[in-house]
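User: Hi, I've just opened this one and I'm new to it. Could you walk me through it with a few questions and answers?

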Amino acid sequence: MSEKNIRYPHIRDLREDADLSQADLARILNCSQVAYSYYEIGRRDIPTEVLIALSKFYDCSVDYLLGLSNTKR
């Protein structure tokens, strides 16, 4: 999948910066590792409640997670 097809350009970087695996994040979000990996590659839309949970976990804005801003806050 090319870079331009990724819907959520920052979530992989945030996860890697936190030294977490996809399985770690899946446990935190109470979803499967496969579901989380689909969020990262843009194969599945991230539900609103998961976006909010990620925003709180990473202390960043939802706009940042969605790629609407390059500023975390």
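Analyst: Sure. One term to start with: a salt bridge here is a side-chain nitrogen of Lys or Arg within 4 Å of a carboxyl oxygen of Asp or Glu. Also keep in mind that this is a predicted model.

User: How many salt bridges does a search of the whole structure find?

Analyst: Side chains of opposite charge can pair when their charged atoms come close. One of the pairs found here is Arg12 with Glu16, where the closest N and O atoms are 2.9 Å apart. Searching the whole structure, the salt bridges come to five.

User: Which segment and which loop does the salt bridge of Arg7 and Asp45 link?

Analyst: The side chains of Arg7 and Asp45 meet at 2.5 Å, N to O. This pair links distant parts of the chain, 38 residues apart. Arg7 sits in the segment before α1 (11-17), and Asp45 is in the loop between α3 (33-41) and α4 (48-58).

User: Why are Asp24 and Arg27 about one helical turn apart?

Analyst: These two form a salt bridge as well, with their closest N and O atoms 2.6 Å apart. Both belong to helix α2, residues 22-29. They're separated by about one helical turn because their spacing in that helix is three residues.

User: Is Arg27 buried or exposed?

Analyst: Its salt-bridge partner Asp24 has 22% relative accessibility and counts as partly exposed. For Arg27 the figure is 59%, and the cut-off for exposed is over 50%. So Arg27 counts as exposed.

User: Let's go inside. Which element gives the most residues to the largest nonpolar core?

Analyst: In soluble globular proteins, nonpolar side chains tend to be buried together. The largest nonpolar core here has 16 residues, and Ile11, Tyr36, Ile46, Leu54 and Leu65 touch the most other members. Two or more residues come from each of α1, α2, α3, α4 and α5 (62-66). The top contributor, with four residues, is α4.

User: What separates the C-alpha atoms of Leu65 and Leu54?

Analyst: Leu65 is in helix α5, and its relative accessible area is 0%, so it is buried. Setting aside neighbours within four places in sequence, Leu54 contacts Ile11, Leu25, Leu29, Ile46 and Leu65. Leu65 and Leu54 are eleven residues apart along the chain, and their C-alpha atoms are separated by 8.1 Å.

User: What kind of aromatic pair do Tyr36 and Tyr39 form?

Analyst: There are two aromatic pairs by the rule used. In this one, both Tyr36 and Tyr39 are buried, and they lie three residues apart in helix α3. Their ring centres are 6.3 Å apart with 85 degrees between the planes, and planes over 60 degrees apart count this way: the pair is edge-to-face.

User: And for Phe57 and Tyr58, which one is buried and which is partly exposed?

Analyst: Their ring centres are 5.0 Å apart and their planes are at 75 degrees, so this pair is edge-to-face. Phe57 has a relative accessible area of 40%, so it is partly exposed. At 8%, the buried one is Tyr58.

User: Last one: how far is Arg43 from the ring centre of Tyr38?

Analyst: This is a charge over a ring, and the cut-off from the ring centre is within 6 Å. Arg43 lies over the face of Tyr38. The distance to the ring centre is 4.5 Å.

Technical notes:
Residues numbered from 1 in each chain as written. Predicted model: local features only at pLDDT ≥ 70, side-chain atom pairs only at ≥ 80, totals over all residues. Heavy atoms only, no water. Buried < 20%, exposed > 50% of the residue type's maximum accessible area, 1.4 Å probe, protein only. Core = buried A, V, L, I, M, F, W, Y, C linked by side-chain atoms within 4.5 Å. Contact = heavy atoms within 4.5 Å. Phe/Tyr/Trp six-rings, centres within 6.5 Å; stacked < 30°, edge-to-face > 60°. Lys NZ or Arg CZ within 6 Å of the ring centre and 35° of its normal.
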